Amino acid sequence: MNWITDKIEKIKQKAKKIFKKQPVAQETTDWKNCPQCKKISYKPDLFKNSYICECSFHFDMPPKLRLDSLFDSEYKFIEAPDINPDPLGFEVKDGAREGYRYMDKVKKYRKTTGQVTALLAASGNVSGLNAVVVCFNPKFGAGRFGPAESEHFLKAANFAIEKKVDIWIVVYQSSGIDVHTGLVGLAGGMTKSVIAMKQVKEAGIPTFAVAARAVSGGTYASNFFMHDFIIIEHSSVENLLFSGKRVTANILKGADAIPEDFGRADGVMKAGLADITLENRKKLKETITKLANIILKKQDLKTTDEAHENPEDFKKTASTAS
Ligand SMILES: [Zn+2]
């Protein structure tokens with residue numbers, strides 16, 4: 001009867017493969033379902049509206065489009081260094097995928113996103129200011145921060161310092177330090193990124209953190225709060241926390257102790273952990289430009305598109321800042 005058992009096992013494996021493929025197929029459709037208003041939107045329409053639903057829910061915006069929207073025109077990528085993202089050679093052994101190597105997962109992330117690390121870094125002009133922008137990609141392992149990402153972060157920071165850029169911007173969408181890399185990831189992710197941020201600040205470069213989605217774990221606990229300005233992209237952003245509600249409730253011995261707005265944009269603002277929550281992401285470039293010009297005390301103001309329309313407003317801001 002062994003042949004029957006073998007046959008059943010083969011059918012099981014085939015069924016598993018079919019079911020695994022479904023989410024990928026769903027991802028390739030031209031439609032997106034809004035988790036807030038439940039409306040189904042056509043992706044090209046969302047693209048035109050900066051990936052914002054009619055109800056104001058902010059979908060993830062692909063990092064490349066984010067760079068396109070922040071930079072004035074052309075920009076240059078700061079390529080990822082050649083670092084092994086899986087120094088421990090970690091194997092996932094969760095039964096269903098026994099023998100599945102973590103490196104295979106990384107390869108999948110690379111294929112899906114076209115990126116080498118979870119970061120996309122580039123230099124160019126933002127409203128006429130020299131800038132380095134680093135952007136996490138949530139589609140790359142939920143914005144994991146491992147040894148390769150920390151080296152990429154460091155490389156971008158060194159570039160910013162060497163070129164003496166005007167501003168440094170990091171757009172966060174990160175689940176934290178990559179657990180598959182153990183202490184190597186922790187030491188690299190947290191320590192190196194903290195050193196990188198410290199050096200950027202010592203070079204006198206104003207720094208901006210943009211929370212575009214969840215920022216948690218080691219990313220939240222290290223470089224995120226080192227920025228001069230913490231900007232939350234929209235009031236719907238949540239999970240700005242070190243660990244989730246359940247874990248925190250266990251530590252505090254009861255969910256009652258956890259406020260309703262824990263980790264939400266409004267809660268984070270109330271706790272004084274962020275500086276501003278934007279009406280929507282279309283205001284991001286303009287807001288960063290205004291703040292940067294105030295810090296840099298530019299008399300000869302660099303202007304955004306809006307500034308061209310209202311140059312007097314910007315002059316007033318500059319004179320107040322001086
Ligand atoms: Zn919606």
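**Leu46.** I started with Leu46, which sits in helix 2 (residues 43-48). Helices here are DSSP runs of H or I with at least four residues, strands are runs of E with at least two, and both are numbered from the N terminus. This is a predicted model, where local features need pLDDT of at least 70, side-chain atom pairs count only at pLDDT 80 or more, and totals for chains, interfaces and linings use all residues. Residue numbers start from 1 along each chain as its sequence is written.

Is Leu46 exposed, partly exposed or buried? I got partly exposed, because Leu46 has 19 C-beta neighbours inside 10 Å. The cut-offs, with C-beta atoms placed from the backbone: buried is 20 or more other C-beta atoms within 10 Å of the residue's own, exposed is 12 or fewer, and partly exposed is in between.

Next I listed what Leu46 touches, skipping residues up to four places away in sequence: Lys32, Ser41, Tyr51 and Phe59. Contact means that the C-beta atoms of two residues, placed from the backbone, lie within 7 Å. I also checked Trp31, which is 15 residues from Leu46 in sequence and 9.4 Å away in space, C-alpha to C-alpha.

**Whole chain.** I noted twelve helices and 14 strands in the protein chain. Of its 322 residues, 35% are buried. For contacts between residues at least 6 apart in sequence, 66% join residues at least 24 apart.

**Two odd phi angles.** Most residues other than glycine have a negative phi, and I went looking for exceptions. Lys38 is not a glycine, yet its phi is positive, about 70°. I found Lys38 in the loop between strand 1 (31-33) and strand 2 (40-42). Lys38 counts as exposed because it has 8 C-beta neighbours inside 10 Å.

Asn239 also has a positive phi, near 60°, and is a residue other than glycine. Its loop lies between strand 12 (229-232) and strand 13 (240-241). With 16 C-beta neighbours inside 10 Å, Asn239 counts as partly exposed.

**Strand pairing.** Which way do strand 11 and strand 12 pair, parallel or antiparallel? I read parallel, over four bridges. Pairing needs at least two bridges found by DSSP between the strands. I noted Phe208, whose bridge partner in strand 12 is Phe229. Strand 12 also runs parallel to strand 14 (residues 276-277), with two bridges joining them. Ile232 has Thr277 in strand 14 as its bridge partner.

**The core.** I pulled up the largest nonpolar core, which has 52 residues. Such a core is a set of buried Ala, Val, Leu, Ile, Met, Phe, Trp, Tyr and Cys residues joined through C-beta atoms within 7 Å. Ile169, Tyr172, Val210 and Ala211 touch the most other members. Strand 11 (residues 207-216) gives this core its largest share, seven residues. I followed up Ala211: leaving out neighbours within four places in sequence, Ala211 contacts Tyr172, Ile230, Ile232, Glu233, Val237 and Leu240.

**Helix 5 and helix 6.** Last, I looked at how helix 5 (residues 147-162) packs with helix 6 (residues 182-202): the angle is about 10° and the axes are 8 Å apart. Axes are lines fitted to C-alpha atoms, for helices over the stretch in contact, and angles run from 0 to 180 degrees between N-to-C directions. So helix 5 is roughly parallel to helix 6, a label for angles under 35 degrees (over 145 is roughly antiparallel, 65 to 115 roughly perpendicular, the rest oblique). Phe153 and Leu154 are among the helix 5 residues in this contact, and Gly188 and Gly189 are among those in helix 6.
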